[in-house]
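Please open the structure in the viewer and follow the selections below in order. Each stop names what to select and then describes what is found there.

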Amino acid sequence: MNAERRVAVITGAASGIGAEFAHHCARLSYELYLVDRDQDGLANLRKALSHSEQKVTGWPGDLSYPSEVHQLTERINSLKRIDLLVNSAGFSLKSAFLDVDDAELQRIVAVNCTAVVALTQAACIKMKTQGSGWIINLSAIGGLLPGFVGPVYGGTKAFVYYFTLGMFHQMKRHGVYLQALSPGHTRTAIHSQEEKRAIPRSFFVKAAAVVSASWKAAEKRRPVCVPSRRHSLLLNLARIGLGRLVWRGARKIEKLMPR
Ligand SMILES: NC(=O)c1ccc[n+]([C@@H]2O[C@H](COP(=O)([O-])OP(=O)(O)OC[C@H]3O[C@@H](n4cnc5c(N)ncnc54)[C@H](OP(=O)(O)O)[C@@H]3O)[C@@H](O)[C@H]2O)c1
């Protein structure tokens, strides 16, 4: 991607993979619009990026509210251009499916799926007019391995994966490319301390490695990026019918996986 005077909008920017994308884009002199519900986190990130000479704007907002997603799509419409959208805001359930209340179920679908669709649409319309742009949507390897993560979280990430691939095929003729970024365990705040203690450190990938792999895949216009070799292997084993091996391993750590 040519980074000269480019504009990036990143959701979930206050933490983890989104924050890492923000640092990466700042190093490449992107003008940044950072979205998160965590206002203190956004303020801290803006402070950390203050050395960069580019404009960094915080757009606090909770993407579980349709009105706030709508406000954000209006903001995207009003930008002079948009070269990159990263939909990183997302979360997993803290309790098992049968124990979760309706409101939380609606929230996870709203943030992990509905907001991604609305923001992707707003960005695609603008990028189509420009004839260029990239959208990176955070899926997860768990979305492609049923049983590996909780069914609702996994289902939302499977949705993002297939939605993004479908859009990739619709938009590439307009010079607009999409990527379903599908990491495995990445050491961020999405995992509880209990999970981090129980899962071997070597099992986790660093957020910086996820972003670097995603960027390289984007430069090659690849619609899917699974950042670590270990997670790719896991996925390929499942695809060639060695799913049982994967499930057996998955069941052992099931209790510790994102729901
Ligand atoms: N880490 C992994 O192992 C992993 C693996 C595969 C895919 N992913 C995906 O990668 C994305 C980023 O995750 P991460 O690991 O970087 O997690 P993270 O460190 O928790 O970052 C997610 C950010 O999104 C924000 N967010 C959550 N709900 C929001 C809402 N309703 N409105 C606006 N912002 C909201 C969070 O704010 P709060 O802190 O206030 O909640 C947080 O700042 C997620 O979509 C996740 O599903 C992560």
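In which sense do strand β4 and strand β5 pair, and over how many bridges? Select residues 84-87 for β4 and residues 133-138 for β5 in this predicted model. The two strands pair in the parallel sense, over 4 bridges. Within this pairing, Leu85 has Ile135 of β5 as its bridge partner.

Next, extend the selection to the sheet. It is open and comprises 7 strands with parallel pairing, in the order β3-β2-β1-β4-β5-β6-β7. Its edge strands, β3 (56-60) and β7 (224-225), each pair on one side only.

Now add helix α1, residues 16-27. Helix α1 packs on the sheet, where it touches β1 (7-11), β2 (31-36), β4 and β5. The direction of α1 makes about 165 degrees with that of β1.

Keep α1 displayed and show the ligand. The ligand is surrounded by 26 residues, of which Gly12, Gly16, Gly90, Ala140 and Thr188 are the closest. Helix α1 gives the most to this shell, with 3 residues. By class, the shell has 11 nonpolar, 11 polar and 4 charged residues.

Then select helix α5, residues 151-171. Helix α5 lies across β5 and β6 (176-181) and runs at about 160 degrees to β6.

Finally, add helix α4, residues 102-130. The axes of α4 and α5 are 10 Å apart and the helices pack at an angle of about 10 degrees, which makes α4 roughly parallel to α5. The residues of this contact divide into 14 nonpolar, 3 polar and no charged. Among them are Leu105, Ile108 and Val109 in α4, and Phe159, Val160 and Phe163 in α5.

Key: Residues numbered from 1 in each chain as written. Predicted model: local features only at pLDDT ≥ 70, side-chain atom pairs only at ≥ 80, totals over all residues. Near = placed C-beta within 6 Å. Nonpolar A, V, L, I, M, F, W, Y, C, P; charged D, E, K, R; others polar. Axes fitted to C-alpha atoms, helices over the stretch in contact; angles between N-to-C directions. Parallel < 35°, antiparallel > 145°, perpendicular 65-115°, else oblique. Contact = placed C-beta atoms within 7 Å. Pairing = 2+ DSSP bridges.
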